[in-house]
Amino acid sequence: MVTLQTFLGTWAGDDAARKAVAGTVTAIAQAGLGIADLVARGPLEESLAKVRGVDPNAGGDTQKELDVVAEERICAALMPTAAAFLASEESEELIPLNPEGRLVVAVDPLDGSSNIDTNVSVGTIYSIMPYDPAEQADPKAAVMRPGRHQVAAGFLAYGPATILVATFGDGTQVFVHDRLSGDFVLARTEVEIPAETKEYGVNQSNVRHWDAPMQRYLDDCLAGKEGPRGKDFNMRWVGSMVADAFRIFTRGGVYVYPADKRKGYENGRLRLIYEAFPLAFLVEQAKGGATDGKTRILDIQPHHIHQRIPLVFGSRAEVEKIASYY
Ligand code: AHM
Ligand code: MG
């Protein structure tokens, strides 16, 4: 049995930079266990699903109490690690952590907030970039780099099992929290997303707002065997990206959240730095693909910490197929 601790110990060896990353991921995983406990209390912690005040968060979404509590837990856990700054969906500006740190962390503390009170999986997404104060006088410059510079990324999903899907740039691994031992145990070493799929995940109620290429893609899927794709498709949409992503890591599929014409959705819904980048890194390390329709997600240069991006990821051949409609 390989635990997260032993896995990270072997991966890091005596390398100081790797040890710093390992300590940071361990802290996020520990914070995640506390968040999982809160999520599991469900309606007993009714107040956590309540909308907080009247102010939306930095991305313009309403904040739930648990969004804020999750961010506080992650901040506290990261304080003694090598993380110098935290970029978070819930905070407009970077949060300073360890002044000696040489990493910057970006998080969506609680992905899928709209599902908190429905007993459906929610999760925490993280991305880790190197930070060198000599090169990046403004730490924002360290956060606002194309996603290919990430040194590690992952997400926790708080569902029937609490799982951690992680990459350190050498494949994608799945760890499962073992409630008996209390450890995260390595369950899958080299995750490989099947290249082909017949399953897509979209919020179909928005189709009329989408652009023409994405509407044509969906029309062709819906036409099934008799249509140009020559096969019948299946649709799955949880509404928590971590849950939809974990299904894709397990049996393939594509997740699609395109730009649309609604106000505020002109660049889609998902955030580039702490949602699309980490998912794209994990997916590529599992032999899948991630694009905004035209550009590889990991090559996009951010221009704002909280910017949104149209997002398509999953089975490689299907992601390429979608890009071909553009
Ligand atoms: P959140 O980070 O505020 O929870 O928003 C992101 C979520 C994703 O988890 C999910 O895939 C998507 O938004 C669902 O959007 P919609 O409610 O439009 O279907
Ligand atoms: Mg989210």
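Tyr 255 is buried in this predicted model, with a relative accessible area of 4%. Its ring partner, Phe 313, is likewise buried, at 1%. The centres of these two rings lie 4.9 Å apart and their planes meet at 10°, so the pair is stacked. The contact joins distant parts of the chain: Tyr 255 belongs to strand S13 and Phe 313 to strand S15 (residues 311–314), with their positions 58 residues apart.

This pair has company, for the structure holds 11 aromatic pairs. In another of them, Trp 237 and Tyr 257 have ring centres 6.0 Å apart and planes at 50°; the pair is therefore tilted, as the angle falls neither under 30 degrees nor over 60. Here too, distant parts of the chain are linked, 20 residues apart. Trp 237 sits in the loop between strand S12 (234–235) and helix H6 (241–251), whereas Tyr 257 lies in strand S13 (residues 254–257). The two residues also carry different labels for accessibility: Trp 237 counts as partly exposed because its relative accessibility is 25%, while Tyr 257, at 6%, counts as buried.

Taking the ring pairs together, Trp 237, Tyr 255, Tyr 257, Tyr 265 and Phe 313 are linked into a cluster. A charged group joins the picture at Tyr 265, where the charged end of Arg 262 sits over the ring, 3.6 Å from its centre.

Two members of the cluster also bring us to ligand 1. Tyr 255 and Tyr 257 are among the closest of the 16 residues that surround ligand 1, along with Gly 112, Met 241 and Arg 269. Strand S13 supplies at least two residues of this shell, and so does strand S5 (103–111). Several polar atoms of the protein approach oxygen atoms of the ligand. A polar backbone atom of Gly 112 is 2.7 Å from one oxygen atom of ligand 1, and a backbone N or O atom of Ser 113 lies 3.1 Å from an oxygen atom of ligand 1. For Asp 108, the approach is made by an N or O atom in the side chain, at 3.0 Å from a ligand oxygen. Taken alone, ligand 1 exposes 470 Å², of which the protein buries 88%.

Asp 108 also leads to the metal site. Together with Asp 111 and Glu 275, Asp 108 is a protein donor of the magnesium ion (ligand 2), the donors lying 1.8 to 2.1 Å from the ion. Along the chain, these donors follow the spacing D-x2-D-x163-E. Both aspartates, Asp 108 and Asp 111, are buried.

Note on methods. Residues numbered from 1 in each chain as written. Chains lettered and ligands numbered in written order. Predicted model: local features only at pLDDT ≥ 70, side-chain atom pairs only at ≥ 80, totals over all residues. Heavy atoms only, no water. Phe/Tyr/Trp six-rings, centres within 6.5 Å; stacked < 30°, edge-to-face > 60°. Helix = DSSP H or I, 4+ residues; strand = E, 2+ residues; numbered from the N terminus. Buried < 20%, exposed > 50% of the residue type's maximum accessible area, 1.4 Å probe, protein only. Lys NZ or Arg CZ within 6 Å of the ring centre and 35° of its normal. Donors = N, O, S within 2.8 Å, 3.2 Å for Na, K, Ca; no water. Near = heavy atom within 4 Å. Polar contact = N/O pair within 3.5 Å; in protein donor to acceptor, adjacent residues only side chain to side chain. Areas by Shrake-Rupley, 256 points an atom, 1.4 Å probe, with all protein chains shown as cover.
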